[in-house]
Amino acid sequence: MTSTPDRIMSRINRALGGPGAVVTAKDFVDVAERAAVDQALVRLVRAGSLIRVRRGLYHMPRVNERLGITLPPDADAVADAVGRQTGSAVAPSDAVVANRLGLSTQVPAKHLYMTTGRSRVMRIGGQTIRFRRVSSRRLPSAAPEVTQALQALRSAGPDPDIATIAAVRRSLSARQRRAFARHAQYDTHWIAASARRVLADPSKARG
């Protein structure tokens, strides 16, 4: 029979991203009883297969082959794991989203995430990761791309230009646009108005 540590490592490699992944015990509730999972994680840390980066959070090391050094956990991976661990929604800040969609050339200097959980500051792998509590309306229970699209509109303000509308439109698949429409209608009136422009025929979008 496959051991619990082996099953955990298989799950990380197969479904959670492999080297570089950040995981929590809750990711393995179907693998074994919680006590057995906790014991297995301790064994994996002792064996060097995982690194405990914070209480309840574990990192599967990833090595930079050229430099021969172990890389620190990625901030996005940490944020995703915190969301799974606490059962809260987590998303990058509006400034990060605007940068990723090409709407801003400014690279945010801080790792800032919005969350429906509590505000907190984590220092992991030499980096400071901040979580700022916001209302659940700011972070709907939707696909990350839908949340990102709503964030981009919010960051742009009440009268986004045509480039912003086009970038948001490109970021969404047909299925995601339907979810985007459902969530936007319950947001502020100007977000709903901007969403209608995203969903309209591009030839009719105003600048």
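A residue counts as buried when its relative accessible area is under 20%. By that cut-off, 4 of the 5 residues of β7 are buried, so this strand is largely enclosed by the rest of the structure. The model is predicted, and β7 is a good place to enter it.

Start with the overall frame. The protein has 207 residues, and 43% of them count as buried. Its secondary structure comes to 8 helices and 9 strands. Along the principal axes, the C-alpha atoms fill a box of roughly 60 × 35 × 30 Å.

Now return to β7 and look at its partners. Strands of a sheet pair through backbone hydrogen bonds, either parallel or antiparallel. Strand β7 covers residues 111-115 and pairs with β9, residues 127-133, in the parallel sense. That pairing runs over 5 bridges. Within it, His 111 stands opposite Ile 129 of β9. Strand β7 also pairs with β6. Here the strands run antiparallel, and 3 bridges join them. Pro 92 stands opposite Tyr 113 in β7.

Follow β9 next. Strand β8, residues 120-124, pairs with β9 in the antiparallel sense, again over 5 bridges. Met 122 stands opposite Ile 129 in β9. Ile 129 is also the residue that His 111 stands opposite. Strands β8 and β9 form a hairpin with 2 residues between the strands. In that hairpin, Gly 125 takes a positive phi near 55°.

A second group of strands lies earlier in the numbering. Three strands form an open sheet in the order β1-β3-β2, with antiparallel pairing. Which strands stand at the edges? They are β1 and β2, the latter spanning residues 51-54. Each has a single partner strand, so one side of each is left without a neighbour in the sheet. Neighbouring strands of this sheet are turned by 40° against each other on average, direction ignored. Look closer at β2 and β3. Strand β3 covers residues 57-59, and 3 bridges join it to β2. Ile 51 stands opposite His 59 in β3.

Strand β6 leads on to the largest pocket. Rolling a probe the size of a water molecule over the atoms shows where empty space is left. The largest pocket holds about 390 Å³ of space. It is lined by 23 residues. Which of them are closest to its centre? They are Asp 80, Val 90, Ala 91, Pro 92 and Pro 144. Pro 92 has already appeared, opposite Tyr 113 in β7. Several elements each supply at least two residues of the lining: α3, β6 (90-92), α4 (94-100) and α5. By class, the lining has 12 nonpolar, 6 polar and 5 charged residues.

Charge pairs come next. Side chains of opposite charge can pair when their charged atoms come close. The structure holds 7 salt bridges, and three of them are followed here.

Take Arg 11 and Asp 30. Their side chains meet in a salt bridge at 3.0 Å, N to O. Arg 11 sits in helix α1, residues 4-15. Asp 30 sits in the loop between β1 (22-24) and α2 (34-47). The two are 19 residues apart, and the pair links distant parts of the chain. The partners differ in exposure: Arg 11 is buried, with a relative accessible area of 16%, whereas Asp 30 counts as exposed at 53%.

The loop between β1 and α2 takes part in another pair. Arg 84 forms a salt bridge with Asp 27, with the closest N and O atoms 2.8 Å apart. Arg 84 lies in helix α3, residues 75-86, and Asp 27 in that loop, so the pair ties together parts that are 57 residues apart in sequence. Is Asp 27 buried or exposed? Asp 27 is buried, with a relative accessible area of 12%. Arg 84 is partly exposed at 34%. Helix α3, which holds Arg 84, is also one of the elements that line the largest pocket.

The third pair is Arg 154 and Asp 187. Their closest N and O atoms are 2.7 Å apart. Arg 154 is in helix α5, residues 144-156. Asp 187 is in the loop between α7 (174-184) and α8 (189-199). This pair too links distant parts of the chain, 33 residues apart. Both Arg 154 and Asp 187 are buried.

Key:
Residues are numbered from 1 along each chain as its sequence is written. This is a predicted model: local features need pLDDT of at least 70, side-chain atom pairs count only at pLDDT 80 or more; totals for chains, interfaces and linings use all residues. Side-chain values use heavy atoms; hydrogens and water are left out. A salt bridge is a side-chain nitrogen of Lys or Arg within 4 Å of a carboxyl oxygen of Asp or Glu. Buried means under 20% relative accessible area, exposed over 50%, partly exposed in between (1.4 Å probe, protein chains only). Two strands pair if DSSP finds at least two bridges between them. Axes are lines fitted to C-alpha atoms, for helices over the stretch in contact, and angles run from 0 to 180 degrees between N-to-C directions. On a 1 Å grid over the protein atoms alone, a cavity is a set of points where a 1.4 Å probe fits but cannot get out, and a pocket is an open set with protein on both sides within 12 Å along at least five of seven lines; lining residues have an atom within 4 Å of a point. Grid points are joined across faces, edges and corners, and a volume is the space filled by probe spheres set on the points. Ala, Val, Leu, Ile, Met, Phe, Trp, Tyr, Cys and Pro count as nonpolar, Asp, Glu, Lys and Arg as charged, and the others, Gly among them, as polar.
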